[in-house]
Amino acid sequence: EISACLVGSEMCIRDSSDAWAHAFLQLMEKGGGTRHPSIVTINGLESQKPIEDVEIRTALDDALKKQSENSCVTVANTIFPFSMWNRMNPDNAQLLFNRYEKAWLGIKKCPQNRNGVYFRRLTSFNPAGSNDKPVNQLDFIVRNYLAGNHRKSAMQASIFDPTRDHTANRQKGFPCMQQVSFTPLADGLLSVTGYYATQYQFEKAYGNYLGLYHLGQFMAHQLNMTLSEVTCIASVLSRGDAKKHELMPLVDKLEKILLVKKD
């Protein structure tokens, strides 16, 4: 069965949508604008059952649209462009990398992507001033593991690049995620963990859970494993930029949905 755990919560949490909703509602409480740290773990993914509640996802997407924010899928695609991946193709990984590289010229023109995109950092890590060829970290992890090197410290990929991201800017926006690690478990299962310095619950967190899940599916497929677990760790979790009173209609919808699920 799919289940999720929100550290510090005693409520019944059944899936990633539940975990997101409970964390969001806690942040909407008086004096609850931030949590540090926040840890969400989604378990039982090997069951292949849905990890989302469509009602919660729809309610959030509607609220995001009213605030002129990106949808959950758009946020998720910055971590892994799921629609570009055809797992049925024998050379699916290389085809995805090539397809994304061709699309990158258009993707980077978006003002929101001016500092980079997570998937680009994962597949083309290239510190400023480096004359070396950009590193496809995902490709290295897969090739290294399949070649017989199962050192766990070799199963991590960096997002944060000090040569580009250590700046004096008061606000930067990207990257909030610092790194991703992939951990082989017993019985051919795989666990994925994303580490965030900061995370906005309203605008980004749901899409982050979804993106890490899709990335985990991709890596498990390449490693001949089955995705079992996704964990999202945020050092500082905040409600986000939207005004609290503007989010009250979403609170009402979520409370009604969760009440029905509890019964």
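**Close-up views of a predicted model**

**View 1. Q199 and its surroundings in strand 6.** Q199 belongs to strand 6, which covers residues 189–200. Please keep in mind that this model is predicted. With a relative accessibility of 3%, under the 20% limit, Q199 counts as buried. Setting aside neighbours within four places in sequence, the residues in contact with Q199 are A205, N208, C232, A234, V236, L237 and S238.

**View 2. F24 and F202, a tilted aromatic pair.** The whole structure holds 13 aromatic pairs, and here we visit the one made by F24 and F202. Their ring centres lie 6.4 Å apart and the planes meet at 40 degrees, so this pair is tilted. F24 sits in helix 1 (residues 16–27) and F202 in helix 8 (residues 201–222), so the pair links distant parts of the chain, 178 residues apart. F24 has a relative accessibility of 0% and counts as buried. F202 also counts as buried, with a value of 1%.

**View 3. F80 and F218, and the aromatic cluster they belong to.** The rings of F80 and F218 form a tilted pair, 5.1 Å from centre to centre with 35 degrees between the planes. This pair, too, links distant parts of the chain: F80 comes from the loop between helix 3 (72–79) and helix 4 (92–107), while F218 comes from helix 8, 138 residues away. Both F80 and F218 are buried. If you look around these two rings, which residues form one aromatic cluster with F80 and F218? The other members are F82, W85, F97, Y100, W104 and F119.

**View 4. Helix 8 from end to end.** How does the span of helix 8 agree with its 22 residues? At 1.5 Å a residue, helix 8 should span 32 Å, and its end C-alpha atoms are 30 Å apart, which agrees. Helix 8 is mostly covered, with 20 of its 22 residues buried. Follow the chain just past helix 8 and you meet N224, which takes a positive phi of about 60 degrees.

**View 5. The largest pocket and its lining.** This pocket has a volume of about 1300 Å³. Its lining is made up of 43 residues, and those nearest the centre are K172, G173, F174, C176 and K204. Helix 3, helix 4, strand 6, helix 8 and strand 7 (226–238) are the elements that give two or more residues to the lining. Which element gives the most to the lining? Strand 6 does, with five residues. Sorted by class, the lining of the largest pocket has 16 nonpolar, 19 polar and eight charged residues.

**View 6. N126 in the loop between helix 5 and helix 6.** For the last view, find N126 in the loop that runs between helix 5 (118–123) and helix 6 (137–146). Is N126 buried or exposed? N126 is partly exposed, because its relative accessible area of 25% falls between the limits of 20% for buried and 50% for exposed. Apart from neighbours within four places in sequence, N126 is in contact with D132, P134, D161 and R164. N136 lies 10 residues from N126 in sequence, and their C-alpha atoms are 9.3 Å apart in space.

Note on methods. Residues numbered from 1 in each chain as written. Predicted model: local features only at pLDDT ≥ 70, side-chain atom pairs only at ≥ 80, totals over all residues. Heavy atoms only, no water. Helix = DSSP H or I, 4+ residues; strand = E, 2+ residues; numbered from the N terminus. Buried < 20%, exposed > 50% of the residue type's maximum accessible area, 1.4 Å probe, protein only. Contact = heavy atoms within 4.5 Å. Phe/Tyr/Trp six-rings, centres within 6.5 Å; stacked < 30°, edge-to-face > 60°. Expected span 1.5 Å × (residues − 1). 1 Å grid on protein atoms, 1.4 Å probe; cavity = no way out; pocket = protein on both sides within 12 Å on 5 of 7 lines; lining within 4 Å. Points joined across faces, edges and corners; volume = space filled by probe spheres on them. Nonpolar A, V, L, I, M, F, W, Y, C, P; charged D, E, K, R; others polar.
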